[in-house]
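Please open the model in a viewer and display the backbone as a cartoon. The tour proceeds by selection, beginning with a strand pairing.

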Amino acid sequence: PNSRAQQAVIEDALADARAAGADIGYLEAHGTGTSLGDPIEMEALRAVLLPGRPAGRAVWVGSAKTNVGHLESAAGIVGLIKTVLVLQRGCIPPHRNLDTLNPLLGIENTPIRIPTAPQPWPAETGPRP
């Protein structure tokens, strides 16, 4: 895991989409479930998604791995399918079996949220962020 490399990938994707990190309201993460990988991934998300974010605008972070298990080479496509379903249904599913957040994630006092219950995600004016 390399936070700077993950930041670069996210920044490139945002540039391709002509979007700003502060506009993102939901992100489907890899979610390794490890004490090393998850904090590194969250470090990258904080660096890219939080600057310029309006006060009160949450960014929800999901991971298909918590819903359907470790998928090896299918993880990317399953994450994409899950994101499409989130958009279609306007609801972010919870992380299954999550009782306690890893304190090393460093998301306390940030707008980064990990859903532990279904979260409605209604469309705002224009596309969902």
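Select Leu-27 in S1: its bridge partner in S2 is Val-61. Three bridges join S1 to S2 (residues 59-62), and the two run parallel; strands (E, at least two residues) and helices (H or I, at least four) are DSSP runs, numbered from the N terminus. The model is predicted: local features need pLDDT of at least 70 and side-chain atom pairs 80 or more, whereas totals for chains, interfaces and linings use all residues. Residues are numbered from 1 along each chain as its sequence is written, and side-chain values use heavy atoms, without hydrogens and water.

Next, show the whole sheet, which is open and has the order S1-S2-S4 with parallel pairing (two strands pair if DSSP finds at least two bridges between them). S1 (26-28) and S4 (112-113) are at the edges with a single partner strand each, so one side of each lacks a neighbour in the sheet.

Add helix H2 (residues 37-49), which packs on the sheet and touches S1, S2 and S4 (contact means heavy atoms within 4.5 Å).

Now move to helix H1 (residues 3-17), whose end C-alpha atoms are 21 Å apart. Colour Ser-3, Gln-7, Ile-10 and Leu-14, the buried residues of H1 (buried means under 20% relative accessible area, exposed over 50%, with a 1.4 Å probe and protein chains only). What covers these buried residues includes H2. On the other side of H1, Val-9, Asp-12, Ala-15 and Asp-16 are exposed.

Finally, select Arg-18, just after H1, where phi is positive at about 55°.

Definitions and conventions
Axes are lines fitted to C-alpha atoms, for helices over the stretch in contact, and angles run from 0 to 180 degrees between N-to-C directions. The expected span of a helix is 1.5 Å times one less than its number of residues.
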